[in-house]
Amino acid sequence: MRNEINMRLYGLSETFEESAGHFADLTVSRVISQEKGSYRLVSSQGEKWGEISGRFLYHIQAKSEYPAVGDFVMADWNKSDGNAVIHHVLPRKSSFIRKAAGEKNEEQVVAANIDTVFLCMSLNKDFNLRRLERYISIAWNSGAAPTVILTKSDLCGELEEKLLEVSSVAAGVDVLVTNAINQKGYEQIYPYLEEGKTIAFIGSSGVGKSTLINCLLGKDYLDTNGLRNDDKGRHTTTRRELILLPSGGMVIDTPGMRELGMWDAKAGIDETFSDIEKRAQRCRFRDCTHSGNEPGCAVREALERGELSEDRLHSWQKLMNENRYLENSQDYLAEKKQKFKNIAKINKKNKKGMKK
């Protein structure tokens, strides 16, 4: 007889168990990988592939409603054809969301139910403060705690200078410097790897996410490639995958992202650029554009005193404009309206289940 899997190791908390209790005939499972329309699931009964039920698929109105890696789902585990059938996604405690690639404004869940987001950026030619500000803004908005992971420190000859630059845009965020040459190069990560906790590795292609995960696993589980001639890494990860670590905790490896569009991230932008937000509140006029034409602009005064850089101000304005444009788009408004309807349906269904 096969031993049951301890789902506490996979992050199944009392909160998720309470939500799962409304579906007595189904098995609570976690999505550990995804390939097109199929999902690899783990439950107390083991691992198997699963697919969405026809009824569930019929009611899906947006990409974000599909199961994502890290989601806890309710599935019929004992179908005769061998595949489990997913009927529900349990409410997420956090989710890293970006605008889906393409012209249509849709939200895409990169990883769900994560505790910490590792924002990976290498210390070679991938180093980009403006991109990092974008990553941090979206991470703050996810409901998980962001941590900056600077990789490939062995390739950087100006480490102290780079650290000062990162610190200037990452207030309130832990910053770790790593390399994969020896254990001391990545042992700072271990304190984050608590049993039942999930960490998502997010970053551009080739920054060394998979290499770091292999180090934590103690074996070459994920494919990695060396550097290209331009000193940038090659893209290797092609799918999202949740991996249980032998030392405790879980990591989600994600493909490198060429495009990371904002999605309803105003709160995250405010947190990331709190230095500018606080100054903007001291401007004489509430609708100050900080362009240099308005008197009593506290933001421009900070620029003149050298307390703020033009690049950081432009980055803030760019992200705010991008988020504002999205919020006014018809695709966004329609999707948000549908999401609130779906949440209301779920709450109504849960209340009925509790009365029973």
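## An aromatic cluster

Phe118 is buried, as is Phe201. The two rings make an edge-to-face aromatic pair, with 5.2 Å between centres and 75° between planes. Phe118 belongs to strand β8 and Phe201 to strand β11 (residues 198-203), so this pair ties together parts 83 residues apart in sequence. Tyr192 joins Phe118 and Phe201 in one aromatic cluster.

The model described here is predicted. In total it has 4 aromatic pairs. Another of these is formed by Phe16 and Phe72. Their ring centres lie 4.4 Å apart and their planes meet at 35°, so the pair is tilted. Phe16 sits in helix α1 (residues 14-20) and Phe72 in strand β4, so parts 56 residues apart in sequence are tied together. Phe16 and Phe72 are both buried.

## Overall make-up and confidence

The protein chain has 356 residues, and 51% of them are buried. Its secondary structure comes to 10 helices and 13 strands. Among contacts with a separation of 6 or more, 67% are between residues 24 or more positions apart.

Mean pLDDT for the chain is 83, and 82% of the residues score at least 70. Of the elements, strand β4 (residues 72-76) has the highest mean, at 96. Helix α10 (residues 330-355) has the lowest, at 48. Two stretches call for care. Residues 226-235 stay under 50, yet the model gives them 24 contacts beyond four places in sequence. Residues 343-347 are also below 50, and this stretch has 0 contacts beyond near neighbours in sequence. Where pLDDT is low, predicted coordinates should not be read in detail.

## Nonpolar cores

Which residues touch the most other members of the largest nonpolar core? They are Leu41, Phe96 and Val166, in a core of 54 residues. Helix α3 gives the most to this core, with 6 residues.

Another core lies apart from it and has 19 residues. Its members include Cys120, Tyr186, Ile199 and Val251.

## The two sides of helix α4

Helix α4 spans residues 159-169. Its residues Lys162, Val166 and Val169 are buried. These three cover an arc of only 65° around the axis, which puts them on the same side of the helix. An α-helix has 3.6 residues a turn, so residues three or four places apart point the same way.

Glu160 and Leu164 lie on the other side of α4 and are exposed. What covers the buried residues? The cover includes strands β8 (116-122), β9 (145-151) and β10 (174-177). It also includes helices α3 (129-141), α6 (266-272) and α9. Val166 appears twice in this picture: it is buried in α4, and it is among the residues with the most contacts to other members of the 54-residue core.

## Arg312, a buried arginine

Arg312 is placed in helix α9 (residues 310-327). Is it buried or exposed? Its relative accessibility is 5%, so Arg312 counts as buried; the cut-off is under 20%.

Which side chain does Arg312 join through a polar contact of 2.7 Å? The partner is Glu133. The C-alpha atoms of Arg312 and Glu133 are 8.8 Å apart in space, while the two residues are 179 residues apart in sequence. Not counting residues up to four places away in sequence, Arg312 touches Arg130, Glu133, Ser168, Val169, Thr272, Phe273, Asp275 and Ile276. One of these, Val169, is among the buried residues of α4.

## Positive phi outside glycine

Asn113 is not a glycine, yet its phi is positive, about 55°. The residue is found in the loop between β7 (107-112) and β8. Asn113 has a relative accessible area of 2% and is buried.

His290 is a second case, with a positive phi near 60° in a residue other than glycine. It is placed in the loop between α7 (274-280) and α8 (298-304). At 7% relative accessibility, His290 counts as buried.

Conventions: Residues numbered from 1 in each chain as written. Predicted model: local features only at pLDDT ≥ 70, side-chain atom pairs only at ≥ 80, totals over all residues. Heavy atoms only, no water. Helix = DSSP H or I, 4+ residues; strand = E, 2+ residues; numbered from the N terminus. Buried < 20%, exposed > 50% of the residue type's maximum accessible area, 1.4 Å probe, protein only. Contact = heavy atoms within 4.5 Å. Polar contact = N/O pair within 3.5 Å; in protein donor to acceptor, adjacent residues only side chain to side chain. pLDDT = per-residue confidence, 0-100. Arc of directions from axis to C-beta. Core = buried A, V, L, I, M, F, W, Y, C linked by side-chain atoms within 4.5 Å. Phe/Tyr/Trp six-rings, centres within 6.5 Å; stacked < 30°, edge-to-face > 60°.
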